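Reader: Hello! I am new to this structure and would love a close look at one part of it, the place where the two chains meet. Could you walk me through that part?

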Amino acid sequence: MIRLEHVSKSYKSRYGCVQVLDDVCMDFPKGHSVGVLGLNGAGKSTLIKIIGGTEYADKGRIVREGKVSWPMGYTGGFQGSMTGRENARFVARIYGADCREIEAFTQDFAELGFHFDMPLKSYSAGMKGRFAFAVSLACDFEYYLVDETLETGDARYREKFRRAFEERRERASVILVSHNEQTIRRNCDQAAILNGGKIHVFDDINEAFKEYRLLQTKVA
Amino acid sequence: MSQATLQNRSALRDVIGAFELQSRVIGAIILRETKSRYGEHRLGFLWVFIEPVLFVLGFAVLHTMLGARDHQGMTPELFMLTGLLPYMLFRDVMSQVSASINGNRALLAFPQVTTFDLIVARALLELGTVVAVFAILVTALVLAGQDVAIERPLALFGSYLLAFGFGIGVGAVLAAVSPFFPSIKQLAAQLFGRPMFFTSGVFFTAGQLPESVRNVLLYNPLLHVTEWSRSAFFASFESQFIEFGYMTLFCLSILSAGLMLHSVLQKRALAR
């Protein structure tokens, strides 16, 4: 279970104070995958970072139970001067997983070959992306946090990743923020809209998209 | 089983689980930091020996030249080593902790890593480094034929703990405040660098000072700590000037102030 209790977050920008989350209460129960829609700048990334503990809320509390991933595809938490293997081992350690298992899975799934024992900073963007996704699959999270994209590498690798992720999704929940209908339809069974600091949850996913399209036209 | 005991049990399990998680995270960060600090260059670990070795050698040569080998029953080498340890412990822990959050901010991407873990990991790694360096140097002196018998190990441990806590405290204050006043780090470097080195009793004891100077320098809690650690180390030396209350209270207040400031300001600092 992940629960937001009266969470507020605002930013100071050049145009004044922007309230991204305004006293938000929301449950993300286990077994449900929720997609949060939002226009550009609505605070989707901030929401996922607050859920993941990368950023802190101004007010309120976040309850996390179970193994929660870092925002998927995010490579900033890895250390460039350490090898892929060492980085994978670090992740295994902080999640209390078996180092050797995580290493083996990552090496195999990321298709890095000998690069797995090279410093991460020598990787190409594609390799780094493959590495990051492979590690997060290796960890077997109960919650996968996804900011926008679930795609990396070439078409073949994308397909391979998609199948593996789908299989994970049978056991795990996904919290996904996106402005893309397709991504949400494919991965989520519930949808919500983040707008003006509030989150509105819809039971019917189609209802959410209808509302979201309305929102888009209003802005345009 | 009654509802209350069941609840107590699950609360206890939560606490134990949280403790396990935190030690796991801190352990992983320490390993990673060790790797990136000492793993990249072969000579990485040698560097940390250079400063104390130079000081000890310089001090010993100077004393031999002056013909004053005896320092109230302490050899100049051990005298210098025992004075340097609390000072370096304080200084290095302070500087590591003050840079701990900015240097490792990226790790906050992982849900279970908190700023507190970053501070504790850096502090413990530095503690380990300094203590290891000194253990090796003292062993070297023993092998060179010097008489080393630690008089009161527990008191020695206590004094290092105070220097350690003092370092964490000042470091945490700096880490918490520096996002708002970046220049405080330069100020702290000025204040805690050379002045602290010259007033903390690294190369003298309080008893060797003229009274007027001593009375001023005794406001420095680290001087008390150094005196205490030397008294604990040598059978022949017993300082008359340690005020336990002042020393302990000062170090512990700074430590709690640092941790409190950290918990109050850190989230706001990261949001900027």
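Author: Happy to; what follows is a walk through the interface of chain B and chain A, mostly from the side of chain B.

This is a predicted model, in which local features need pLDDT of at least 70 and side-chain atom pairs count only at pLDDT 80 or more, while totals for chains, interfaces and linings use all residues. Residues are numbered from 1 along each chain as its sequence is written, chains are lettered from A and ligands numbered from 1 in the order in which they are written, and side-chain values use heavy atoms, with hydrogens and water left out.

Let us start with who takes part. Chain B brings 23 residues to the contact and chain A brings 27 residues, where contact means heavy atoms within 4.5 Å. Between them the two chains bury about 2100 Å², and 63% of that is on carbon and sulfur atoms. Buried area here is the accessible area (1.4 Å probe) that two parts lose on being put together, summed over both. On the side of chain B, the residues that lose the most area to chain A are B:Arg32, B:Phe110 and B:Pro111, which together make up 31% of what that side buries.

Now for the charged and polar links. The rule finds one salt bridge across the interface of chain B and chain A, a salt bridge being a side-chain nitrogen of Lys or Arg within 4 Å of a carboxyl oxygen of Asp or Glu. B:Lys35 forms a salt bridge with A:Glu86, and their closest N and O atoms are 3.0 Å apart. Seven residue pairs, both at pLDDT 80 or more, are in polar contact between chain B and chain A. A polar contact is a pair of N or O atoms within 3.5 Å; within protein, one must be able to donate a hydrogen and the other to accept it, and residues adjacent in sequence count only if both atoms are side-chain atoms.

Which helices of chain B each supply at least two residues of the side that touches chain A? They are helix H1 (3-39) and helix H11 (244-271); helices (H or I, at least four residues) are DSSP runs, numbered from the N terminus. H1(B) gives the most to this side, with nine residues.

By class, the side of chain B that touches chain A has 14 nonpolar, four polar and five charged residues. In this sorting, Ala, Val, Leu, Ile, Met, Phe, Trp, Tyr, Cys and Pro count as nonpolar, Asp, Glu, Lys and Arg as charged, and the others, Gly among them, as polar.
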